[in-house]
Amino acid sequence: YPIEGKWQMTKLVVYLLDTNNVKHYDTTYYNPITTEDYVRFNNDGTCVTSIDHYYYLNEPGFTTPTPIEPLLSSYYYKPSGTDFALTPQINAQGPGGGTSSQVASTPAPNILLIHGEARGVGPNLFVSDSYYSKEQR
């Protein structure tokens, strides 16, 4: 698949989407993105994402990103039309339940977008758009 290999994060956009499709707390990060913010797609239908900060919405009480030890998450991926659907290898759901989905697409050559949506107990949808560039060898 054309998404195989390592991709370095270049930008992260997070926001809440209400039931009227209005964005709230639209927040874009270019920093402190580091080399530990990446995704690697393997040729066996698996991939791993890595982040080294917790990123927050720009809402009242807004906190700047908090550094953490690199946090790795493992997924299976498979074609879904022209995109790729990501499914967690371990589906660890919190006590509040909820739903989530992630889709990878390539909107331009050497650009990867992972669009994530998560819905908890409330009516709002948490959305994240992670942008990556292909790491050249």
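This short talk goes from the whole chain to one buried residue and then to a run of paired strands.

Please keep in mind that this is a predicted model, in which local features need pLDDT of at least 70 and side-chain atom pairs count only at pLDDT 80 or more, while totals for chains, interfaces and linings use all residues. Residues are numbered from 1 along each chain as its sequence is written, and side-chain values use heavy atoms, with hydrogens and water left out.

Let me start with the overall picture. The chain has 0 helices and 9 strands, where helices (H or I, at least four residues) and strands (E, at least two) are DSSP runs numbered from the N terminus. The C-alpha trace spans about 40 × 30 × 30 Å along its principal axes. The radius of gyration, taken over C-alpha atoms, is compared with a globule rule of 2.2 Å times the number of residues to the power 0.38; for 137 residues a compact globule would come out near 14 Å, and the chain has 15 Å, which agrees. Of the 137 residues, 34% are buried, meaning under 20% relative accessible area with a 1.4 Å probe and protein chains only, whereas exposed is over 50% and partly exposed lies in between. Among contacts (heavy atoms within 4.5 Å) with a separation of 6 or more, 47% are between residues 24 or more positions apart.

Now to a single residue, Val39, which sits in strand E3, residues 38–41. Is Val39 buried or exposed? Val39 counts as buried, because its relative accessibility is 0%. Leaving aside residues up to four places away in sequence, Val39 touches Gly5, Lys6, Trp7, Val48, Thr49, Leu112, Ile114 and Tyr132. By contrast, Tyr56 is 17 residues from Val39 in sequence, and their C-alpha atoms are 20 Å apart in space.

Two of those partners, Leu112 and Ile114, bring us to the later strands. Strands E7 (residues 99–108) and E8 (residues 111–119) pair in the antiparallel sense over 8 bridges, pairing being called when DSSP finds at least two bridges between two strands. E7 and E8 form a hairpin with 2 residues between them, and Asn110 in the turn has a positive phi of about 65°. On the other side of the account, E8 is joined to E9 (residues 125–134) by 9 bridges, again antiparallel. Which residues stand opposite Leu113? Leu113 in E8 faces Ser105, and its bridge partner in E9 is Tyr131.
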